[in-house]
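Today I am opening my notebook on a new structure. I want to look up where its ligand goes and what empty space there is inside.

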Amino acid sequence: EKGGWDSFMDKEIHEDPAAVQRTLLGRFDTNGDITLDEVRIDEHDFKSIDKIIVVACGTASYAGQVAKYAIEHWVRIPVEIELAHEFRYRDPILTPRTLVVAISQSGETMDTLMALRHAREQGSKVLAICNTQGASIPRESDAVLYTHAGPEVAVASTKAFVAQITAAYLLGLYLAQVKGAMFRDEIHQMLDSLKDMPRKIQWVLDTQPKTIQAAAERMVNANSFLFLGRHVGYPVALEGALKLKEIAYTFTEGFAAGELKHGPIALVDEGEPVVFIVPPQRGRNVLHAKVISGIEEVKARGAYIIAVAEQGDPDVERYADVVFWRPACPTLMSPLVDVVPLQLFAMDMAKLKGYDVDKPRNLAKSVTVE
Ligand code: M6R
């Protein structure tokens with residue numbers, strides 16, 4: 001069942017492109033407009049939504065955090081991300097115009113299930129983004145947008161993450177469509193970029209593994225790692241840090257790169273590995289320059305720099321010790337590619353240390369207790 005791979009994690013990372021592709025399948029009408037057929041919230045209710053709250057845990061919450069940047073930009077309504085276990089206990093402000101989006105691979109995470117029950121009791125509509133047909137979370141929601149990543153067996157979530165981002169982006173573009181928040185052409189342009197992402201992810205899987213393996217061999221004895229990113233690169237940094245701690249048992253911390261000078265830079269010492277998610281060079285140039293200056297700062301303190309960056313980025317070539325390259329793509333699409341080398345890196349590190357990458361210690365695939 002591992003299809004020739006030596007672990008489920010290996011197999012599932014290699015299914016990242018298919019997970020995105022399958023999640024996009026069958027969601028468009030003959031005009032290329034988005035249709036969400038498993039959604040039982042009528043268009044009128046969708047039109048009236050004035051706030052989104054994402055409730056999720058772990059990797060699913062980072063997918064939500066990525067989607068926040070896109071949906072706020074596209075739909076111009078506030079999107080809050082809340083860890084499901086915090087949400088219920090703080091008396092959140094919920095109205096019938098709030099859409100609560102519960103993201104869960106398994107659909108059985110108790111914290112997320114309790115959060116959605118609380119939201120529905122307060123009169124809000126809940127839409128589930130879920131990878132498991134008929135699980136508790138989709139069963140109890142007003143609407144479901146399934147991620148068609150296929151069954152995910154390894155405890156560390158990989159292909160579900162890229163599928164969750166894809167589904168949340170579809171939701172965002174659908175809302176932009178029904179609310180008239182974007183021009184049709186703009187929506188179609190975004191959809192075209194999204195449809196192009198499986199090919200770009202495949203490029204990473206085809207060309208980057210040797211570099212990633214060599215980096216893992218070099219860093220296998222490192223005691224700790226910092227992961228830094230800005231904008232959509234920030235949740236990608238958090239996800240990269242989570243993968244490495246979950247399966248390689250390495251102490252990691254993810255930060256927003258802008259926060260460096262407000263504290264974390266104190267941790268940087270000679271040889272400390274620091275992973276930077278560098279935004280595309282075009283488009284959001286301001287961010288690119290800011291991340292590069294963060295790299296310069298830590299480099300000056302002797303850090304070992306690993307960068308995830310756009311192919312041929314000259315600034316990155318100048319400063320980074322190792323680079324995992326990404327093909328050029330729009331900033332909002334970059335998380336779909338950037339997480340892939342980090343998934344591979346964590347897996348390689350864990351294998352080098354002799355750990356079971358599919359069943360890390362102390363963790364369960366689905367956390368069915370609060
Ligand atoms: O099944 P869910 O998506 O609801 O699970 C949420 C988290 O428990 C899950 O993402 C966890 O963080 C994974 N072990 C991450 O690899």
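Before I start on contacts, I note the cut-off: a polar contact is a pair of N or O atoms within 3.5 Å. I also remind myself that this is a predicted model.

**Entry 1: the ligand's contacts**

I looked up the backbone first, and found a polar backbone atom of Thr59 at 3.1 Å from an oxygen atom of the ligand. Next I went to the side chains. Ser106 has an N or O atom in its side chain 2.6 Å from an oxygen atom of the ligand. For Lys243, the distance from a side-chain N or O atom to a ligand oxygen is 3.1 Å. How much of the ligand's accessible area does the protein cover? I read 91% of the 410 Å² that the ligand has on its own.

**Entry 2: the shell around the ligand**

I found 14 residues surrounding the ligand, with Ser104, Gln105, Ser106, Thr109 and Glu246 as the closest. I sorted the shell by type and got five nonpolar, seven polar and two charged residues.

**Entry 3: the largest pocket**

Where does the ligand sit? I found it in the largest pocket. Two elements give two or more residues to the ligand's shell: helix H4 (58-75) and helix H11 (233-248). The pocket holds about 630 Å³ of space. I noted 25 lining residues, and those nearest the pocket's centre are Cys57, Gly58, Thr59, Glu246 and Val367. H4 and H11 turn up here too, along with strand E3 (98-104) and helix H6 (110-121), as the elements that give two or more residues to this lining. By type, the lining has nine nonpolar, 11 polar and five charged residues.

**Entry 4: the cavities**

How many cavities of 30 Å³ or more does the structure hold? I found two. The largest has about 70 Å³ of space. It has 13 lining residues, with Val232, Gly233, Ile277, Pro279 and Ser334 nearest its centre. Helix H14 (334-352) and H11 each give two or more residues to this lining, and H14 has the largest share, with three. I counted seven nonpolar, three polar and three charged residues in the lining.

The second largest cavity has a volume of about 30 Å³. Its lining includes Ile52, Val101 and Leu171. H4 supplies the largest share of that lining, three residues. Which types line this cavity? I wrote down eight nonpolar, one polar and no charged.

Methods. Residues are numbered from 1 along each chain as its sequence is written. This is a predicted model: local features need pLDDT of at least 70, side-chain atom pairs count only at pLDDT 80 or more; totals for chains, interfaces and linings use all residues. Side-chain values use heavy atoms; hydrogens and water are left out. A residue is near a molecule or strand if one of its heavy atoms lies within 4 Å of it. A polar contact is a pair of N or O atoms within 3.5 Å; within protein, one must be able to donate a hydrogen and the other to accept it, and residues adjacent in sequence count only if both atoms are side-chain atoms. Accessible areas come from the Shrake-Rupley method with a 1.4 Å probe; for residues, only the protein chains shown count as cover. On a 1 Å grid over the protein atoms alone, a cavity is a set of points where a 1.4 Å probe fits but cannot get out, and a pocket is an open set with protein on both sides within 12 Å along at least five of seven lines; lining residues have an atom within 4 Å of a point. A molecule sits in a cavity or pocket if more than half of its atoms lie within 2 Å of its grid points. Helices (H or I, at least four residues) and strands (E, at least two) are DSSP runs, numbered from the N terminus. Ala, Val, Leu, Ile, Met, Phe, Trp, Tyr, Cys and Pro count as nonpolar, Asp, Glu, Lys and Arg as charged, and the others, Gly among them, as polar. Grid points are joined across faces, edges and corners, and a volume is the space filled by probe spheres set on the points.
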